[in-house]
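Visitor: I would like to go through this model and hear the reason for each label. Please set the values against the cut-offs.

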Amino acid sequence: MMKKLMLLLAALCGLAQAAPVERWGSTDIELKGPSSGNPFMEVELSATFRNGPRSLQLSGFYDGEGSYKIRFMPDTVGEWEYETRSNRPELNGRKGTVTAVAPGAGNHGPVRVRNVRHFAYEDGTPYWQVGTTSYAWTHQTEALQQQTLRTLAVSPFNKLRMAVFPNHDDKNVLPRYPFAGKPPKGWDFSRFDPAFFRNLEQRVAQLRDLGIEADLILFHPYDKNYWGFDQMPDEVNQRYLRYVVARLAAYRNVWWSMANEFDFLKAKSMEEWDSYFQTVQANDPYQHLRSIHNAFVLYNHTKPWVTHVSVQSGAITEDFERAVLFRDVYNKPVVYDEVKYEGNFTRRWGQLTPEEMVLRFWQGAIAGTYVGHSETYQDPNGLVWLAKGGALRGQSPQRLAFFRKILSESPPEGLEPIDKWQDYPFAGKHAQYYLGYFGKQAPASWPVSLFKTDLKDEMRFKAEVIDTWNMTITPVDGVFEIKKAGDYYFTDKDGRSIPLPGRPYMAVRLVRVP
């Protein structure tokens, strides 16, 4: 009855009443307008949404066949009023309301930077990034895209790196293209193909419903001038960025990656990359996370429009301390999105064993950083997860599910490096929680020794031995009573050690008890 009354009042006031939407959900305001000429270039549309003193400025977009949309994600519960602005009278001054209700289960809002070097959802729920990469999965057949979604639904991954543009190795087999025209290079860069972007946003929404962040790679060098999408002039790039943001920013699970291996796109200057960041930042009313990914040249991640560091480096295994230094230098979350891949490719970057893949995740966590996965197992049909999605074949995903569970039981503020210059690095929270990882080393025991705690009194800890490969957690008998043993170190007062099985990939966890 109340809903009907609200609709009646809205109609009497000349306001369009949209269906209720969850906080951090998304809804479309659809308007009919001109379809003649070139609406992508000639029609301007935006809207202001207001909730009390709060307001958001949103850009609309043309969705083809005379349909114009403004896609809205309310970030506050309550009644939002909106009014459109346009250079076309039939689209200008249109008013309406959207009611935002409480978020449902699993809806925690967008991921934000938290505690300087870590992440959390907007409602404060910790977000432990365990990501994977499948660059061109949305450019494949419907059947293959559905298989990828089924695979992700039972995987441990809560972020997927994916490219907007196709790769050159998908020659002449794409079901759709981002621009109107004919492949491979007969494009009308003044007209987008709405069907292409509808498929992309459908997949982003499906990832959202699976609890997976969509890390959208906006440019990449893998076109190799086959389609010409890597050679577009700056004004086309800018228009493309504005269109992508207008269509996709209202999905709470979106992250923006300006490029993958940006330094291979040699025709673009650092000034241009800066301007692309600034365009996305200026047009995204929700301020989703933003970064850029390197090959050999690091972008200056200290710039204010960069929210977190996305870095390629396989050295996290050999040089644990480098990861800690990245944190200290940038003072932002560090994500090793590419640390080489599990697989049997002939190329050096696609030959990690499953054990080495899992090792990198643990090393990254102990350094207070985050790591990404992918697979490169050779396939006679070219169905490689890194490139096209489909099915996962390796042995690391189940171990990464176990790893993610361990992370979820860590302090919600995030793991911080402890005693980071020693052979056996630890992370956690001083005097409360310690997680140590021995990597490829295989000690038979570990003499309990905690570094630089924040308390002077004796403390009590329960200990567990974690086999990160066999996915077991074995409690250690008794309680360890820790006392000060010098200016910086605390040891068990009885001098006890924790026995270990003498094989690699072991960890220990100590949690303080009353």
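Visitor: Which residues of α4 meet residues of α5?

Guide: The model is a predicted one. On the α4 side the residues are P194, F197, R198, L200, E201 and V204, and they meet Y243, V244, R247 and L248 of α5. This contact divides into 7 nonpolar residues, no polar ones and 3 charged ones.

Visitor: Why are α4 and α5 called oblique to each other?

Guide: The axes of α4 (residues 194–209) and α5 (residues 234–248) cross at roughly 45°. Angles under 35 degrees count as roughly parallel, and 65 to 115 as roughly perpendicular. An angle of roughly 45° fits neither class, so the pair is oblique. The two axes come within 10 Å, and the crossing is right-handed.

Visitor: What makes D63 and K69 a salt bridge?

Guide: The closest N and O atoms of D63 and K69 are 3.2 Å apart. A salt bridge needs a side-chain nitrogen of Lys or Arg within 4 Å of a carboxyl oxygen of Asp or Glu, so this pair qualifies.

Visitor: Are D63 and K69 buried or exposed?

Guide: Buried means under 20% relative accessible area. D63 has 4% relative accessibility and therefore counts as buried. K69 has 13%, so K69 is buried too.

Visitor: Which residues are linked with D63 and K69 in a network of salt bridges?

Guide: The network links D28, D63, K69, R71, R198, E201 and R247. R198 and E201 in α4 and R247 in α5 also appear in the helix contact. The search of the whole structure finds 28 salt bridges.

Visitor: How do you know that E409 and K405 form a salt bridge, and why are they called partly exposed?

Guide: Their side chains meet at 2.6 Å, N to O, and the cut-off is 4 Å. Partly exposed is the range between the 20% limit for buried and the 50% limit for exposed. E409 has 35% relative accessibility and K405 has 42%, so both count as partly exposed.

Visitor: What does the salt bridge of R509 with E464 tie together?

Guide: R509 lies in strand β34 (residues 506–513) and E464 in strand β29 (residues 459–467), so the pair ties together parts that are 45 residues apart in sequence. The closest N and O atoms of R509 and E464 are 2.8 Å apart. R509 is buried, because its relative accessible area is 6%. E464, with 22%, is therefore partly exposed.

Visitor: Why does K388 count as buried?

Guide: K388 has 14% relative accessibility, and the limit is 20%, so K388 counts as buried. K388 lies in helix α9 (residues 385–388). Leaving aside residues up to four places away in sequence, K388 touches S134, W137, Q140, L144, T148, D170, G382 and L383.

Visitor: What is noted about the phi of E261 and of N331?

Guide: E261 has a positive phi of about 45° although it is not a glycine. N331 has a positive phi of about 55° and is not a glycine either. E261 sits in the loop between β17 (254–257) and α6 (270–283), and N331 in the loop between α7 (320–330) and β20 (334–338). E261 is buried, because its relative accessible area is 11%; N331, at 42%, is therefore partly exposed.

Visitor: What makes the peptide bond from P183 to P184 cis?

Guide: Omega is near 0° for that bond. P184 is in the loop between β14 (179–182) and β15 (186–192).

Definitions and conventions. Residues are numbered from 1 along each chain as its sequence is written. This is a predicted model: local features need pLDDT of at least 70, side-chain atom pairs count only at pLDDT 80 or more; totals for chains, interfaces and linings use all residues. Side-chain values use heavy atoms; hydrogens and water are left out. Axes are lines fitted to C-alpha atoms, for helices over the stretch in contact, and angles run from 0 to 180 degrees between N-to-C directions. Helices (H or I, at least four residues) and strands (E, at least two) are DSSP runs, numbered from the N terminus. Angles under 35 degrees count as roughly parallel, over 145 as roughly antiparallel, 65 to 115 as roughly perpendicular and the rest as oblique. A crossing is left-handed if the near helix is turned anticlockwise from the far one by less than a right angle, and right-handed if clockwise. Contact means heavy atoms within 4.5 Å. Ala, Val, Leu, Ile, Met, Phe, Trp, Tyr, Cys and Pro count as nonpolar, Asp, Glu, Lys and Arg as charged, and the others, Gly among them, as polar. Buried means under 20% relative accessible area, exposed over 50%, partly exposed in between (1.4 Å probe, protein chains only).
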